[in-house]
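Please walk through the backbone geometry and the internal voids of the protein shown below.

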Amino acid sequence: MKKLRLLGAAAVLIGPVLFVPTTFAHGLAAARAPRQAAASTAKPIFTYQEVMVPMRDGVRLQTVILTPTDAHGPLPILLRRTPYGVPDKPYAAMPEALQALAADGYIFVIQNIRGRFKSEGSFSLSGDFHVDPGKGTIETRDAYDTVGWLVKNVPGNNGRVGMFGVSYDGYTAAATLLGPHPALKAVSEQASPADWFMNDDYHRFGALRLSYAMEYAVLEEASKTANTHFAFDTWDTYEWYLAKGPVANINDQVLHGSIPFWNQTVAHPDYDAFWQGQSWAKMIHGSTVPNLNVAGFWDQEDPWGPWQIFRHAQEHDPDRTDLMVAGPWYHGGWHGSVSTLGDIALSQDTSLTFRQTIEAPYFAYWLHGTGTKPAWQATTFQTGSNVWKRYASWPPTGARPVSLYLHADGRLDFAAPGASERDAHRDYVSDPANPVPYRQRPISPTYPRGDWRTWESADQRFVDHRPDVLSFTSAPLDHDLTVSGALSAELFASTSGTDGDFIVKLIDIYPDDARKPEWGAAEGPAPGQFAHSPNGYELPIAMEVRRGRYLDSYEHPAALRPNVPRRWDVPLRDHDHVFQKGHRIMVQIQSTWFPLIDRNPQTFTPSIYTAKAGDFVSATQKIYASPDRASRIVLPVVAGD
């Protein structure tokens, strides 16, 4: 039997630092490694203590306590709970990502969740997210016990605790909303997953996120004491996954059943009790503790969860303590430095602005009792206009739905198809043997290189002339068009197969007027850096997939009727963007997005994960653009546009 090839990566902290390498959540990992100030020759900035904190069932969790050496008076505690490892020594200099918070004074505590590194107990991805009705998840209970222990045993604390974290660490913070300790006074859930079948890391509305699901399961479950990167023998992972053939071959030829969560994923292809039992955010029905939700509009891992948590907490929020912040960020980018979006300059370091003017004041108010309570419900960095916006409610009350219609001649227009376009449609052939890549090849492994993190803002010109990608383009806009709120697509489509996928991309096309390149920084590109230009840039604003077998039910998949048109509703997330005057709007439609999404055989089988090579067939896909089947994009246009 072949052995699973793995590349071990210690749970090194950046620095040593609060944020770990680029992993699923990578805690603050998707953010670039924070720069550190020059090491000081003065006394250490923190005292360091490692303890084992007992839980109610006797399990002890490895916990590091960092107390400022210049503390004056009792300080609040900021806690982060992670599967990625804790620092093995104090910071030599303050990490850039913590500087705004540290200026107010906190005792920083970092804890490995149970079963990871030196923490006792067992760890499994599925068990960690499983909800016990009335009790929350294991992370709800472990956080409760940890907070209670900290306020009783950490010297110099003021009895107030806050929690924050990105991705998995965001989940461990958010899970406290199901049963917070009385001393927990503020939470900032940042890019937490909410439902692994419906969206975020593992699926997109039931369609498997193939490359990420496999590589992340290996990362977390191949070793208790390391973050383990799968060692590919081919650099272009597009080629590697394609050569493996059907999904079943990954276990048969590579993993050999050694990764529990991968085994569970392929054993549960539909939205059954296994996945529904991990849909923990559905148990939130109000704001139980102040929570600052943070999302990236271009988050390549967890773009959906924060909005779901925010909306569930909105079910009962009389004190307006459930807040939403979103910006032009990839996963965790708000703890790095983000002043460009693709090749588009944003006019400022949006991440620094977030940390200094939103995150730090939020915790200062609830944990130090200084400053003022936020008067807004949502704050966003609105792209296109490149300005920060504060909203009393989200979505903004002035937004109204406006339809942008697809036409069979390739136009995108606010006018619906007319009588002369009866039975109009466009078609293409989708061949699973030659799938459309989701980013420009070669596609490197998801981790650890880091180029994965920005693919959602990559120029889409690399696919817009493929015969299996349809493009619909508007005329140049004669005025700015502001969209604020949830976007969606309504396609009328058919396939010659009995199953199939449709991917919809909404794109902002920048004018191609041969202007000089814009660097995104006043000093221009660094020596040796390639000079990028926004001229003609096709910036994706929203992209999503729907899988045909789940159009009627995620629990009970059904075959499609060949060549019979039907409606496909495709959610396209929340956004805040201005399509500027002179820009054009494009919609791209395709049926493969590989290896981000597994290949649909286009033949209905009880489970795609047990499909055989012979089940994968080419299919003719039709997109209708007629008066009675008017495919369209629905935009939440702000009044006045």
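**Cavities and unusual backbone geometry**

The largest cavity is lined by L210, Y241, G245, P246, V247, I250, F594, D598, R599, I608 and F616. This is a predicted model, and the volume of that cavity is about 70 Å³. Sorted by class, the lining of the largest cavity comprises 8 nonpolar, 1 polar and 2 charged residues. Glycine is counted as polar in this scheme, and G245 is on the list of lining residues. In total, the structure contains 6 cavities of 30 Å³ or more.

The second largest cavity holds about 60 Å³ of space. Its lining consists of G206, P269, D270, R547, R549, Y550, D598, S607, I608 and Y609. Here the division is 4 nonpolar, 2 polar and 4 charged residues. D598 and I608 appear in this lining, and D598 and I608 also line the largest cavity.

One residue of the largest cavity's lining, F594, leads on to the backbone. Which kind of peptide bond runs from F594 to P595, cis or trans? The bond is cis, with omega near -5°. P595 sits in the loop between β25 (584-590) and β26 (619-626). A second cis peptide bond links Y447 to P448, and its omega is about 5°. P448 belongs to another loop, the one between β19 (425-430) and β20 (470-473). For background, most peptide bonds are trans.

The loop between β25 and β26 also contains Q602. Q602 is not a glycine, yet its phi is positive, at about 70°. Most residues other than glycine have a negative phi. Is Q602 buried or exposed? The relative accessible area of Q602 is 1%, and the cut-off for buried is under 20%, so Q602 counts as buried.

R320 is likewise a residue other than glycine with a positive phi, in this case near 55°. The position of R320 is in the loop between α10 (305-313) and β12 (322-327). How does the accessibility of R320 classify the residue? Partly exposed covers the range between 20% and 50%; R320 has 38% relative accessibility and is therefore partly exposed.

To bring the loop between β25 and β26 together: P595 lies in that loop and follows F594 through a cis bond, while Q602 lies there with a positive phi. F594 itself is among the residues that line the largest cavity.

Conventions
Residues numbered from 1 in each chain as written. Predicted model: local features only at pLDDT ≥ 70, side-chain atom pairs only at ≥ 80, totals over all residues. Heavy atoms only, no water. Helix = DSSP H or I, 4+ residues; strand = E, 2+ residues; numbered from the N terminus. Buried < 20%, exposed > 50% of the residue type's maximum accessible area, 1.4 Å probe, protein only. 1 Å grid on protein atoms, 1.4 Å probe; cavity = no way out; pocket = protein on both sides within 12 Å on 5 of 7 lines; lining within 4 Å. Points joined across faces, edges and corners; volume = space filled by probe spheres on them.
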